[in-house]
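Good morning, colleagues. Please look at the structure on the screen while I take you through it.

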Amino acid sequence: DLKSASGSLSFLAFLASLTVLPNRASFLQHVSRAALASRSHASHVAVLYVDSDNFKTVNDRLGHAAGDDVLIETARRIRALLRESDVVARLGGDEFAVLLAPIRGADDATRIAAEIAAALREPVRSTRFGSIDSSASVGVAVFPGHGASVEELLLAADAAMYRAKTLQPGTYWMFDPALDAQTSTCPV
């Protein structure tokens with residue numbers, strides 16, 4: 001029983017309970033492995049940082065149960081757009097991250113980012129709360145060009161997401177070192 005319980009706890013330690021997606025620790029492990037593999041196969045890896053544009057408003061107006069519906073549907077919609085080899089994780093709160101690995105180049109990443117942004121602009125249909133308006137901004141960073149480490153890559157994707165949120169919420173932005181470096185501590 002102790003071995004079974006230990007295995008269950010280890011499994012749960014790497015999952016975000018509400019969405020049953022990998023959590024931040026698990027995601028970082030996936031990105032590390034993918035980056036290492038991309039170096040040896042001369043391929044690319046992309047990280048997409050996804051952040052809700054109006055999650056606080058949904059929670060304040062309709063309550064946390066409505067926010068939970070939005071998070072669950074966000075996870076489902078993102079997962080539906082990805083390949084088996086890709087990973088979507090819930091980093092915390094209303095923040096998600098996507099690992100696209102392997103990809104041929106930045107065009108693959110921006111195509112998926114555009115699809116995710118479009119899917120998340122559609123209202124969430126909740127049996128308890130009706131139609132809930134929601135959207136998310138998506139930041140894109142590609143390894144190795146936008147960061148030499150997992151942390152730098154995630155910071156670059158986060159900076160790009162903030163650029164998208166600032167310019168036009170509900171869209172995506174590809175990290176641009178000339179524009180986004182000042183909002184990121186990523187030395188790229």
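In the hairpin formed by strand 4 and strand 5, two residues lie between the strands, and Gly93 has a positive phi near 50 degrees. I should state at once that this is a predicted model. The two strands of the hairpin, strand 4 and strand 5, run antiparallel and are joined by five bridges. Within this pairing, Val87 stands opposite Leu99 of strand 5. Strand 4 covers residues 87-92, and five of its six residues are buried, so that strand 4 is mostly covered.

Just ahead of this strand we meet an acidic residue. Asp86 sits in the loop between helix 4 and strand 4. Is Asp86 buried or exposed? Its relative accessibility is 4%, and because that is under the 20% limit, Asp86 counts as buried. What does the side chain of Asp86 reach? It reaches the backbone nitrogen of Ala101, at 3.2 Å. Not counting residues up to four places away in sequence, Asp86 touches Arg79, Leu99, Leu100 and Ala101.

Ala101 leads us to a feature of the backbone. The peptide bond from Ala101 to Pro102 is cis, with omega near -10 degrees, and Pro102 lies in strand 5. A cis peptide bond also joins Phe143 and Pro144, where omega is about 15 degrees. Pro144 is placed in the loop between strand 8 and helix 6.

Let me now turn to helix 4. Is the helix length consistent with its number of residues? At 1.5 Å a residue, its 17 residues should span 24 Å, and the end C-alpha atoms of helix 4 are indeed 24 Å apart, so the two agree. The buried residues of helix 4 include nonpolar ones such as Val70, Leu71 and Ile78, but also Asp69, Glu73 and Arg77.

I come next to the interior. As a general point, nonpolar side chains in soluble globular proteins tend to be buried together. In the present model, the largest nonpolar core has 29 residues, and those with the most contacts inside it are Leu48, Val50, Ile78, Val98, Leu100, Ile116 and Val138. Which elements each supply at least two residues of this core? They are strand 3 (44-52), helix 3 (55-62), helix 4 (64-80), strand 5 (95-103), helix 5 (106-121) and strand 8 (136-143). Helix 5 gives the largest share, six residues. Ile116, when its neighbours within four places in sequence are left aside, is in contact with Leu48, Val50, Ile78, Leu81, Val98 and Val138. There is also a second, separate core, with 24 residues, among them Val150, Ala159, Ala160 and Met161.

Ala159 and Ala160 bring us to another acidic residue, Asp180, with which both are in contact. Asp180 is found in helix 7, and because its relative accessibility is 0%, Asp180 counts as buried. Which side chain does Asp180 join through a polar contact? The partner is Arg163, at 2.7 Å. Beyond the neighbours within four places in sequence, the contacts of Asp180 also include Trp173, Met174 and Phe175.

A further aspartate, Asp176, lies in the loop between strand 9 (172-174) and helix 7 (177-180). Asp176 has a relative accessible area of 28%, and is therefore partly exposed. The C-alpha atoms of Asp176 and Ala160 are 7.5 Å apart, while the two residues are 16 apart in sequence.

Leu167 is a residue of helix 6, which comprises residues 150-167. Is Leu167 buried or exposed? Its relative accessibility is 53%, and because the limit is over 50%, Leu167 counts as exposed. Leu167 and Ser137 are 30 residues apart in sequence, and 10.0 Å apart from C-alpha to C-alpha.

I close with the protein as a whole. It has seven helices and nine strands. Of its 188 residues, 47% count as buried. Among contacts between residues at least 6 apart in sequence, 64% join residues at least 24 apart. The accessible surface comes to about 9400 Å², and 57% of that surface belongs to carbon and sulfur atoms.

Key
Residues are numbered from 1 along each chain as its sequence is written. This is a predicted model: local features need pLDDT of at least 70, side-chain atom pairs count only at pLDDT 80 or more; totals for chains, interfaces and linings use all residues. Side-chain values use heavy atoms; hydrogens and water are left out. A nonpolar core is a set of buried Ala, Val, Leu, Ile, Met, Phe, Trp, Tyr and Cys residues joined through side-chain atoms within 4.5 Å. Buried means under 20% relative accessible area, exposed over 50%, partly exposed in between (1.4 Å probe, protein chains only). Helices (H or I, at least four residues) and strands (E, at least two) are DSSP runs, numbered from the N terminus. Contact means heavy atoms within 4.5 Å. Accessible areas come from the Shrake-Rupley method with a 1.4 Å probe; for residues, only the protein chains shown count as cover. The expected span of a helix is 1.5 Å times one less than its number of residues. A polar contact is a pair of N or O atoms within 3.5 Å; within protein, one must be able to donate a hydrogen and the other to accept it, and residues adjacent in sequence count only if both atoms are side-chain atoms. Two strands pair if DSSP finds at least two bridges between them.
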